[in-house]
Amino acid sequence: MKLVIAVVQDKDHRKVTDALLERGYKFTNIASTGGLLREGNVTFLIGIDEDQVDDVIQVIGAHSKTREQLVNVFPPTIEPIGTCIPNPVKVQVGGATVFVLEVQRSEKL
Ligand code: 2BA
């Protein structure tokens with residue numbers, strides 16, 4: 001058995017959820033926050049058989065868009081308070097960040 005962990009942007013999580021449900025996958029959604037942007041995203045935990053991994057990744061990828069977002073980066077020099085102006089920098093976010101882990105044991109008690 002495998003555990004797919006997929007971090008999906010908030011804007012895409014409904015489409016990913018619907019598509020996974022349509023195909024009969026079981027999963028858990030966890031509300032999460034990106035370390036860099038500190039914006040909400042959704043982490044899917046999907047327990048599946050090994051032969052379903054490629055299909056799950058394809059489904060997630062098909063419903064996760066790449067977007068550009070601006071991040072405020074503060075200059076490295078220490079300025080007196082009030083004069084520190086952040087430089088907005090564009091970063092590409094998504095489609096989805098996916099990890100596939102081996103599951104040693106799974107029980108439903
Ligand atoms: P965030 O941490 O908010 O990152 C948003 C985007 O900022 C990332 O998009 C990436 O393009 C950029 N970024 C983040 N950290 C960076 C760094 N140290 N250097 C340069 N650029 C950086 P994605 O790669 O599509 O990631 C989207 C979200 O997926 C991330 O949100 C985070 O919540 C999660 N994620 C990405 N990589 C991860 C990892 N290795 N481990 C755990 N979570 C990860």
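In this predicted model, I57, V98 and V100 come together on the surface to make a nonpolar patch of about 190 Å². If you want a handle for finding the patch, look for V100, which sits in strand β6. V100 has a relative accessible area of 41%, so V100 counts as partly exposed. That value fits the patch rule, because a patch takes residues with over 30% relative accessible area and no salt bridge.

Stay with strand β6 for a moment, and move to A96, which is also found in β6. A96 is partly exposed, with a relative accessible area of 30%. Now look from A96 across to I85: the two residues are 11 residues apart along the chain, and their C-alpha atoms are separated by 31 Å.

Step back along the chain into the loop between β5 and β6, where you will find G95. Here the backbone is worth a careful look, since the peptide bond from G94 to G95 is cis, with omega near -5°. G94 also brings us to the ligand: a polar backbone atom of G94 is 2.6 Å from one of the ligand's oxygen atoms. On its own the ligand would expose 740 Å², and the protein buries 49% of that area.

What else surrounds the ligand? Besides G94, the shell includes V7, then G34, G35, L36 and L37, and also N41. From further along the chain come V91, Q92 and V93, together with T97 and F99. Two strands, β5 (87-93) and β6 (96-102), each supply at least two of these residues. The strand that gives the most is β5, with 3 residues. In character, the shell divides into 6 nonpolar residues, 6 polar residues and no charged ones.

G94 has company in placing backbone atoms by the ligand. A backbone N or O atom of L36 lies 2.8 Å from a ligand oxygen, and a polar backbone atom of L37 is likewise 2.8 Å from an oxygen atom of the ligand. Just after L37 in the chain's numbering comes R38, which is found in the loop between β2 (27-33) and β3 (40-48). Check the backbone of R38 as you pass: its phi is near 55°, a positive value in a residue other than glycine. R38 is exposed, at 67% relative accessibility.

Let us turn to the charged side chains. How many salt bridges does the model have? The count comes to 6, and a good place to begin is D12. D12 forms a salt bridge with R67, in which the closest N and O atoms are 3.0 Å apart. D12 lies in the loop between β1 (2-9) and α1 (13-22), while R67 is in strand β4 (residues 67-73), so the pair ties together parts that are 55 residues apart in sequence. Are these two residues buried or exposed? Both D12 and R67 are buried, and for D12 the relative accessibility is 0%.

D12 has a second partner in K15, with the closest N and O atoms of that salt bridge 4.0 Å apart. K15 counts as partly exposed because its relative accessibility is 40%, and the limits for that class are 20% and 50%. Taken together, D12, K15 and R67 are linked in a network of salt bridges.

Strand β4 takes part in another of these pairings. K90 forms a salt bridge with E68, and the closest N and O atoms are 3.8 Å apart. This pair links distant parts of the chain, with K90 in strand β5 and E68 in strand β4, 22 residues apart. Here K90 is exposed, at a relative accessible area of 56%, and E68 is exposed too, at 51%.

To finish, follow the chain into the segment after β6, where E107 is found. At 47% relative accessibility, E107 counts as partly exposed. The side chain of E107 makes a polar contact with the side chain of R105, at 2.8 Å.

Terms used: Residues are numbered from 1 along each chain as its sequence is written. This is a predicted model: local features need pLDDT of at least 70, side-chain atom pairs count only at pLDDT 80 or more; totals for chains, interfaces and linings use all residues. Side-chain values use heavy atoms; hydrogens and water are left out. A residue is near a molecule or strand if one of its heavy atoms lies within 4 Å of it. A polar contact is a pair of N or O atoms within 3.5 Å; within protein, one must be able to donate a hydrogen and the other to accept it, and residues adjacent in sequence count only if both atoms are side-chain atoms. Accessible areas come from the Shrake-Rupley method with a 1.4 Å probe; for residues, only the protein chains shown count as cover. Helices (H or I, at least four residues) and strands (E, at least two) are DSSP runs, numbered from the N terminus. Ala, Val, Leu, Ile, Met, Phe, Trp, Tyr, Cys and Pro count as nonpolar, Asp, Glu, Lys and Arg as charged, and the others, Gly among them, as polar. Patches are made of residues with over 30% relative accessible area and no salt bridge: like charges are joined within 9 Å, nonpolar side chains (Val, Leu, Ile, Met, Phe, Trp, Tyr) within 5 Å. Buried means under 20% relative accessible area, exposed over 50%, partly exposed in between (1.4 Å probe, protein chains only).
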